[in-house]
Amino acid sequence: MHKIPASEITPEQLYLSRRAFLGAAGALSAAALLAACGGGTAAPAATPLPTDGRTDELGAPLSSFEQITTYNNYYEFTTDKAGVARLAQQFQTSPWAVQVGGLVGKPRTFSLEELLALGQEERIYRLRCVEGWSMVIPWRGFPLHKLLAAVEPQAGAKYVRFETLFRPEAMPGQHDQLYPWPYVEGLRLDEAMHDLTLLATGLYGRDLTPQNGGPVRLVVPWKYGFKSIKAVVKIDLVAEAPTSLWMALAPGEYGFYANVNPEVAHPRWSQASERRIGELPRRPTLRFNGYADQVAALYAGMDLRANY
Ligand code: MTE
């Protein structure tokens with residue numbers, strides 16, 4: 001991740017915006033910033049482990065439990081995908097509480113047990129990282145709209161803002177002041193209310209592992225993986241579009257919508273295809289990650305190049 005090949009030399013505009021950021025953040029390492037969810041990552045060995053034989057609705061086999069739990073993006077721990085699982089091993093996921101507030105009639109803090117009581121269903125979703133790799137993951141969880149209905153959104157609520165735990169003593173990557181912690185993400189309210197949008201509490205029928213965002217994380221399968229924020233502790237309904245961590249860090253690279261779109265390249269690499277972890281030939285990337293039938297209507301009339 002830190003080794004950016006010469007073919008990925010940063011375009012001038014991005015370089016300038018990074019310089020502006022670096023100026024604002026103080027004298028920080030440019031090399032570390034270049035690691036920001038970038039491409040050029042080394043592939044793990046292509047050794048698929050046995051799954052239980054199931055597939056997604058397009059016929060693709062599930063990624064194995066091992067693949068899903070040993071190749072992770074979780075910058076609160078490390079930018080090294082293969083190192084997250086070990087560093088997150090001792091992370092305390094219990095007790096846990098998610099504070100839900102903002103423009104709602106009934107603000108409330110949910111314990112993990114109360115969240116689990118909102119339902120436990122399995123959803124097999126493709127996860128497509130903006131970096132160009134993907135997996136097929138059998139999540140366990142419940143649609144976010146169940147939680148939002150319980151707090152009664154007010155008329156002025158147009159967006160939902162999500163925040164990850166900030167606990168540098170447990171999450172060593174948070175000592176790196178290059179990143180504007182805590183990790184924040186956002187959705188439009190109608191995206192958040194869509195039935196595909198999940199709060200996941202498990203995978204492969206087990207509790208969610210810390211490296212995958214346990215005990216509770218968001219999963220938005222038609223958007224690039226960075227929207228699926230891990231270890232959520234705060235959810236606020238708000239009037240304005242929240243600024244995510246990635247938007248703050250590299251606004252020219254990461255927008256608010258981040259819908260999977262093979263036709264719109266990342267400034268530093270194409271998004272037309274992807275590498276399914278465990279496979280060698282690349283697969284074509286699908287519009288909205290293969291969920292266009294369910295979600296394209298959310299964006300009717302919008303310019304999906306401008307709203308990247
Ligand atoms: N959430 C937090 N809090 N911190 C992160 O670094 N990485 C994102 C997303 N959620 C990230 C996060 C990115 S870039 C991806 S691709 C997915 O988590 C990866 O999820 P996985 O490790 O479960 O595959």
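This report walks through a predicted model of a protein with a bound ligand, from the overall picture down to single residues.

**The whole protein**

The fold contains nine helices and 12 strands. Of its 308 residues, 55% count as buried. The accessible surface comes to about 13,100 Å², and carbon and sulfur atoms hold 55% of that area. If you look at contacts with a separation of 6 or more, residues 24 or more positions apart account for 71% of them.

**Around the ligand**

A good place to start is the ligand, which has 18 residues around it; Tyr 75, Glu 76, Arg 217, Ser 228 and Lys 230 come nearest. The table lists three side chains that place an N or O atom at a short listed distance from a ligand atom.

| Side chain (N or O atom) | Ligand atom | Distance |
|---|---|---|
| Glu 76 | nitrogen | 2.7 Å |
| Thr 164 | nitrogen | 3.0 Å |
| Asn 212 | oxygen | 3.0 Å |

Taken alone, the ligand would expose 540 Å², and the protein buries 100% of that.

**Strands β5 and β6**

Strand β5 covers residues 159-164 and pairs with β6 in the antiparallel sense, over five bridges. One pairing to find on screen is that of Arg 161, whose bridge partner in β6 is Gly 186.

How many of the five residues of β6 are buried? Five of the five are, so this strand, residues 184-188, is largely enclosed by the rest of the structure. Val 184, Gly 186 and Arg 188 point one way from β6, while Glu 185 and Leu 187 point the other way. Both sets are buried, and they include the charged-type names Arg 188 and Glu 185.

**Helix α6**

Helix α6 runs over residues 144-151, and Leu 144, Leu 147, Leu 148 and Val 151 are buried in it. These four cover an arc of only 95° around the axis, which puts them on the same side of α6. The spacing fits a general rule: an α-helix has 3.6 residues a turn, so residues three or four places apart point the same way. Just after the helix ends, Glu 152 takes a positive phi of about 60°.

**The loop between β8 and β9**

Leu 208 sits in the loop that links β8 (206-207) to β9 (217-219). Is Leu 208 buried or exposed? Its relative accessible area is 6%, so Leu 208 falls under the 20% cut-off and is buried. Beyond its neighbours within four places in sequence, Leu 208 is in contact with residues including Trp 139, Ala 200, Leu 203, Pro 215 and Arg 217. The last of these, Arg 217, is also among the residues that come nearest to the ligand. Leu 208 and Thr 69 are 139 residues apart along the chain, yet their C-alpha atoms are separated by 9.6 Å.

Pro 215 has its place in this loop between β8 and β9 too. The peptide bond leading into it from Gly 214 is cis, with omega near 10°.

**The loop between α3 and α4**

Thr 78 is found in the loop between α3 (65-70) and α4 (84-88). Its side chain reaches the backbone nitrogen of Asp 80 at 3.0 Å. Leaving aside neighbours within four places in sequence, Thr 78 is in contact with Gly 83, Val 84 and Leu 87.

**Backbone details to look at**

Most residues other than glycine have a negative phi, and most peptide bonds are trans. With that in mind, a few spots deserve a look.

The bond from Ser 94 to Pro 95 is cis, with omega near 0°. Pro 95 is located in the loop between α4 and β1 (97-102).

Ala 231 has a positive phi, near 45°. It lies in the loop between β9 and β10 (232-238), and at 0% relative accessibility it counts as buried.

Ala 258 also has a positive phi, near 50°. This alanine is found in the loop between α8 (245-249) and β11 (273-276). What is the relative accessibility of Ala 258? The value is 4%, so Ala 258 counts as buried.

Technical notes. Residues numbered from 1 in each chain as written. Predicted model: local features only at pLDDT ≥ 70, side-chain atom pairs only at ≥ 80, totals over all residues. Heavy atoms only, no water. Buried < 20%, exposed > 50% of the residue type's maximum accessible area, 1.4 Å probe, protein only. Helix = DSSP H or I, 4+ residues; strand = E, 2+ residues; numbered from the N terminus. Arc of directions from axis to C-beta. Pairing = 2+ DSSP bridges. Near = heavy atom within 4 Å. Polar contact = N/O pair within 3.5 Å; in protein donor to acceptor, adjacent residues only side chain to side chain. Areas by Shrake-Rupley, 256 points an atom, 1.4 Å probe, with all protein chains shown as cover. Contact = heavy atoms within 4.5 Å.
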